[in-house]
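Hi,

Here's the structure I promised to pass on to you. Have a scroll through it first, then read my notes underneath.

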Protein chains: 2
Amino acid sequence: MSLSKPGPMSLVPFVSVENMMRIVVERGVERTLVELADYIEEDFRRWPQFDKTPRIAAHSPDGVIELMPTSDGRSYGFKYVNGHPKNVRSGRQTVTAFGVLSDVDTGYPVLLTEMTILTALRTAATSALVAKYLAPKGAKVMAMIGNGAQSEFQCLAFKAICGIDTVRLFDIDVKATEKAVRNLQGKGLNVVACKSGEEAMEGAQIITTCTADKQFATILSDNMVGPGVHINAIGGDCPGKTELHRDILLRSDIFVEYPEQTRIEGEIQQLPEDHPVTEIWQVMTGVAAGRTSDKQITLFDSVGFATEDFSALRYLNAVLKEHQGQQMLDMLADPDDPRDLFGMIERYGKAAEAL
Amino acid sequence: MSLSKPGPMSLVPFVSVENMMRIVVERGVERTLVELADYIEEDFRRWPQFDKTPRIAAHSPDGVIELMPTSDGRSYGFKYVNGHPKNVRSGRQTVTAFGVLSDVDTGYPVLLTEMTILTALRTAATSALVAKYLAPKGAKVMAMIGNGAQSEFQCLAFKAICGIDTVRLFDIDVKATEKAVRNLQGKGLNVVACKSGEEAMEGAQIITTCTADKQFATILSDNMVGPGVHINAIGGDCPGKTELHRDILLRSDIFVEYPEQTRIEGEIQQLPEDHPVTEIWQVMTGVAAGRTSDKQITLFDSVGFATEDFSALRYLNAVLKEHQGQQMLDMLADPDDPRDLFGMIERYGKAAEAL
């Protein structure tokens, strides 16, 4: 064993933040979103094949750290993700994430990746994918309430996947809106900065809410929402954190990812346990109806589910060979004899001494 | 933003396998085991402070992949670990692992590390620490049944922490025993290779079982175990995998880490749900009795618990500044404005174009 060369089975490819940015830039944001949505849809359509569990959350006064594992029996994936709204004050991200894809047969990781950027992409891709099934036909205008780190990804996903041509932006912090307007210049969208949620919703067939407060907040009140719209509610995603007034929920047909998790974390934590919801995979496979009338309010109560991260990991793993720059991490011990872990350390020590 | 320099908050220190070997070699295996045991004991003694949950297991025909999170409210740690007995056939480790330590206040990871070696160390340190409380006074001889990757660490931990001077080794694979004998030469232990489990147990006051079959196997039968011994049962650690005959359990006082997990995974899965067991943290804090007589058989039904990995991560993090060689991984997105994740990618693309 050489001192410098780890055994071949010890190496796990690592996609850094910079490498992820390079991949997204080389591929293009919209193309990445479209391809990612295809992977997510493919996995929703084989939903019964997945081992599913609500994410495992460790709550603290200022935030939450979560593990989101799932497996299709061949691959296993999990994401580590935090949610800390106050992080912005210290220059940190509210949400950061990383994830791992593994081979079920050996238990060996095959990919470690940053997932802060990848989560932003998969969340937007999922939203637009679901809207493809639920939004009114021919929808062209989206209100985007909350103009933080997720907002531009949402706007571009709805453009690329649903054919939206206009976004109407509102945030209680006007600087956030200005940032989003700037970032969306020249992207083929009409971008309208609005002074209130009401103004943002004028003429919108799709309403996306994505705010970060970790508390019950009413971003949408009942009188703001007219018939026939599709609401894509992203921000309510942990216990005690919601964005929509309860009366809107009662007027809507509600679609969710995984009810066991959404009842804990989503907008529907405001409703009784037995309030009817439709699982979105059933709409995608044709088992359940999606939108059935022009007057209906459809609501995607999105909290983010482990299969979406699994799809994202699977997608990244597939496109990786077209993009350079991954590091190989010496992460798994690979002794000559697998039972001789101790001897590996001893031999390393002797080789180091001999240098 | 430079193309090559990630922001300061994006970097997470990574301890590779090679770096871990260097740390263990520089510090010495026995010293590392002793120090690690102190950290593990410290955390067992403040057991009520921890968020505890049975590990989240994804089982497949050939093995299991598990996530083991815990938190003391200030730090959060988790380990990813697999168990695949057949891996040995393809030159892989039965058990590989990596782990992360995070800051609860921000949710940001502060350390990523290989944990295959670290798990071997913490498992041995935990075994010997528990035996310090339960083994008969003045025990000098240990039988070591199962001479795989964990065995040498066990032998040295019992030497360094409990004062054992003789180990009697047995494995159904004589090559495994030969390897362990070789590795333990010159370590200050009398090492005796034995041809059967019975022979290994002659004169032993401590019996350690650590085999890897993923099935109900009887490594120890009832007539092999005399009064007064301490049994350290490591190998039975997932549903359907046990090592001891049920009758031994019925003659023993049983000590466990976290009953909720041990009832699923440990030797006691052979017993009724309400069979009395003692939590080892209660022995360490003096709340419950440990060994009370010379005739008593004490059994540590060890499956490995998340707090032990937390202690190991905390220990590693503390000693890291004394040892060089960690890589800094660009793992967390760190845009100039935390809400401007999209802009960070765009600016990266423009900078790359300009090159």
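Below is what turned up, starting with the two chains and then going inside chain A. Keep in mind that this is a predicted model.

**Where the chains meet**

Let's start with chain A and chain B. The contact involves 79 residues of chain B and 79 residues of chain A. Put together, the two chains bury about 7,100 Å² between them, and 67% of that area sits on carbon and sulfur atoms.

There's charge at this interface as well. Four salt bridges cross between chain B and chain A. One to look up in the viewer joins Lys187(A) to Glu346(B), where the closest N and O atoms are 3.0 Å apart. Polar contacts link 36 residue pairs between the two chains, counting pairs with both residues at pLDDT 80 or more.

Which helix gives the most to chain B's side of this interface? That's helix α11 of chain B, residues 341–354, with eight residues. Sorted by class, chain B's side has 41 nonpolar, 19 polar and 19 charged residues.

**Inside chain A**

Now hide chain B and look at chain A by itself. The domain assignment splits chain A into domain 1, which covers 8–117 plus 308–340, and domain 2, which covers 127–305. Taken over C-alpha atoms, the centres of these two domains of chain A are 25 Å apart. Where they touch, domain 1 puts in 23 residues and domain 2 puts in 28.

The two domains of chain A bury about 2,400 Å² between them, with 64% of it on carbon and sulfur atoms. Three residues are worth colouring here: Glu30(A), Trp47(A) and Arg55(A). They supply 25% of the area that domain 1 buries against domain 2, more than any other three residues.

How many salt bridges cross between domain 1 and domain 2 of chain A? The rule finds three. Glu30(A) turns up again in a salt bridge, with its side chain meeting that of Lys159(A) at 3.0 Å, N to O. The interface between the domains also has 10 residue pairs in polar contact, both residues being at pLDDT 80 or more.

On the domain 1 side, the elements of chain A giving two or more residues are α2 (29–44), β2 (56–60), β3 (63–71) and α10 (306–319). The largest share, eight residues, comes from α2(A). By class, the domain 1 side divides into 11 nonpolar, four polar and eight charged residues.

Shout if anything is unclear!

Cheers

How values were computed:
Residues are numbered from 1 along each chain as its sequence is written. Chains are lettered from A and ligands numbered from 1 in the order in which they are written. This is a predicted model: local features need pLDDT of at least 70, side-chain atom pairs count only at pLDDT 80 or more; totals for chains, interfaces and linings use all residues. Side-chain values use heavy atoms; hydrogens and water are left out. Contact means heavy atoms within 4.5 Å. Buried area is the accessible area (1.4 Å probe) that two parts lose on being put together, summed over both. A polar contact is a pair of N or O atoms within 3.5 Å; within protein, one must be able to donate a hydrogen and the other to accept it, and residues adjacent in sequence count only if both atoms are side-chain atoms. Helices (H or I, at least four residues) and strands (E, at least two) are DSSP runs, numbered from the N terminus. Ala, Val, Leu, Ile, Met, Phe, Trp, Tyr, Cys and Pro count as nonpolar, Asp, Glu, Lys and Arg as charged, and the others, Gly among them, as polar. Domain bounds come from an automatic or database domain assignment.
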